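Work through these exercises with the structure open. Try each task before reading its solution.

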Amino acid sequence: MFLLCILLFVSISVFLYKRRSLPGTNWPVIGMAPDLILNAYRINDFATDLLKQGNGTFMLKGPWFSNMDMLLTSDPTNINYVLSKNFPNYPKGPEFRKIFDILGDGIFNSDNEVWEIQRKTIMSLLKHPDFNSHLEKNIKNKIEKGLLPLLDLVSHNQQSIDLQEIFQRFTFDTICSLILDFDPEIMSVHLPYNACEKAFTDAEEALLWRHVLPEKVWKLQQRLGIGKEKKLTEARRVFDEFLYKCFSRKDEGFANDGRVEKEETTTGLLKSITTSFQGQTGASGDSRTYIKDIILNLMFAGKDTTSASLSWFFYLVAQNPNIESKIRREIAKEVGDGNWKSLGVKELSSLVYLHGGLCEALRLYPPVALQHKSPSEVDVLPSGHAVNEDSKIILSFYSMGRMESIWGKDCMEFKPERWFSEGGKGGVRHEPSYKFTAFNAGPRTCVGKEMSFIQMKMVAIAIIYHYHVEIVQGHEVCLGDSIIGHMKHGLKVKLSPVN
Ligand code: HEM
């Protein structure tokens, strides 16, 4: 009896000890709720721990009746299957549309024909032969008149600056100029406040909480006008006000027959989008609302994804001064006797080290850290997990970049060389999109990938060519709570000029 008691005691102790060393436990009734609450501040890293525990796929149980069970996966074969091979069975679906209702009938929220038409039209506009030269002119102008004067001032006065905020301002100005033919000019030495720019951050935070809280809870918050839902309602109002005002101003530039009356209206996409979707109305039944949804989706797509990537790139560069010097040398070689402005879209492809650095930032800190999917019909994933119409599948792009099984033992290192082509011919290495998922994969792959690389490279060149970047001592850098991988406390840096 005594021996049996000892055996029982040892077994229970070993069981409890093993449990302690696991990152999370699915308890009866409450599921993984305690671990989720305790790890809410590091939710993406917690998901990564669970996925390591589950060899790339993990069933996370929510409390009973909360409808929060989720199948997490970072397994490239599952990702390839869901996003490409069995794409028709994994639409955005009604659950996604419910959470992202602020996006209305825009491309992110659409499936089937509505999605196909929007995607085709947007791609044809971005692939227009004049688009890249217009983009280049736009970005160079913003760097010269907005970014560099501000950075010069800050560096001259030896002040610190939040680079994340600067990049958010920069990308807001450029996306507005490109799409709306209107430059709000918030990237300037005066750093003016802009409610619409701020509303993006608020909306992106609220949308993450809609993933974490039970639907009944966030719907109640919405009805009562409290918490993050209050900010989301306000953001919706601000977007509408800003965009409809832009539309009205543009209307003044168009004659009744659609001819362009003012010279300045000829460049941006607003007129082309309005013409392309003329007569279409979406679910709202109103064509103006439909155009507003399409434009708002493009702003969500292109603004903070690019600014977050730039922020993490500079965070990694600042921690690796030797890499900063290598990128600067590469730029200097390409610039030759000219200056940063002599590098146009064509020359950017020669900057392989810079490209590798940006890909590393996107791998370790993908701005879209996760994506959720539900199948239309019952299915079995390549990992052997069965799913049905009620399943919530979370594709963790963040975890994928941190898996030794995908990127090797040095996966946590910032190594631009990882992206050099094999054989040392000086090109960029291609990685399949179901492995490098920052831009999504399959038929819904990001259509703005090239545009974002052009913007990120030009901004990175202008900064690294002129300044050495150092993070302010003691400044804490960590991911915030948002559907976009922003830094919670921004990126406070000091800049010193380089000769
Ligand atoms: C570093 C910058 C960027 C990253 C990391 C990125 C990433 C992504 C990801 C992950 C998706 C899939 C989202 C989903 O289906 O839920 C996506 C879709 C999309 N992106 Fe980007 N994006 C970036 C920049 C841009 C830019 C500058 C534009 C241009 C306006 C753009 C336009 C789009 C569009 C229109 C879609 C929807 C595609 C579809 O559903 O068919 N993106 N992007």
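**Exercise 1. Classify Phe65 as buried or exposed, and place it relative to Phe313.**

Solution. Start with the neighbour count in this predicted model. Phe65 has 8 C-beta neighbours inside 10 Å. A residue with 12 or fewer is exposed, so Phe65 is exposed. Next, locate it. Phe65 sits in the loop between strand S1 (57-60) and strand S2 (70-73). Finally, take the C-alpha distance to Phe313: 42 Å in space, with the two positions 248 residues apart in sequence numbering.

**Exercise 2. Find what Phe313 touches, and its place in the largest nonpolar core.**

Solution. Leave aside neighbours within four places in sequence. Phe313 then contacts Gly357, Leu358, Ala361 and Ala460. Now turn to the core, which has 117 residues. Phe313 is among the members that touch the most others, along with Ile179, Ile295 and Val459. A general tendency fits here: in soluble globular proteins, nonpolar side chains tend to be buried together.

**Exercise 3. Check the length of helix H13 and say how covered it is.**

Solution. H13 has 16 residues. At 1.5 Å a residue, its expected span is 22 Å. The end C-alpha atoms lie 23 Å apart, so the two values agree. For cover, count buried residues: 13 of the 16, so H13 is mostly covered.

**Exercise 4. Describe the shell around the ligand.**

Solution. The shell holds 22 residues. Ala301, Gly302, Thr305, Cys446 and Gly448 come nearest. By type, twelve are nonpolar, eight polar and two charged. Helices H6 (112-126), H13 (287-302), H14 (304-319) and H20 (449-466) each supply at least two shell residues.

Now take Cys446. An unreviewed UniProt entry lists Cys446 under "binding site". In the model, Cys446 lies in the loop between helix H19 (404-407) and H20. It has 17 other C-beta atoms within 10 Å, so Cys446 is partly exposed. Beyond its neighbours within four places in sequence, Cys446 contacts Phe439 and Asn440.

**Exercise 5. Compare the surroundings of Val29 and Asp181, two residues with positive phi.**

Solution. Begin with the background: most residues other than glycine have a negative phi. Val29 has a phi of about 65°. Asp181 has a phi near 60°. Both are in loops: Val29 between helix H1 (2-21) and helix H2 (33-38), Asp181 between helix H8 (163-180) and helix H9 (195-212). Then count neighbours within 10 Å. Val29 has 9 other C-beta atoms, so Val29 is exposed. Asp181 has 20, so Asp181 is buried.

Conventions
Residues numbered from 1 in each chain as written. Predicted model: local features only at pLDDT ≥ 70, side-chain atom pairs only at ≥ 80, totals over all residues. Near = placed C-beta within 6 Å. Helix = DSSP H or I, 4+ residues; strand = E, 2+ residues; numbered from the N terminus. Nonpolar A, V, L, I, M, F, W, Y, C, P; charged D, E, K, R; others polar. Core = buried A, V, L, I, M, F, W, Y, C linked by C-beta atoms within 7 Å. Contact = placed C-beta atoms within 7 Å. Expected span 1.5 Å × (residues − 1). UniProt positions renumbered as here; feature names shortened; annotations may be inferred.
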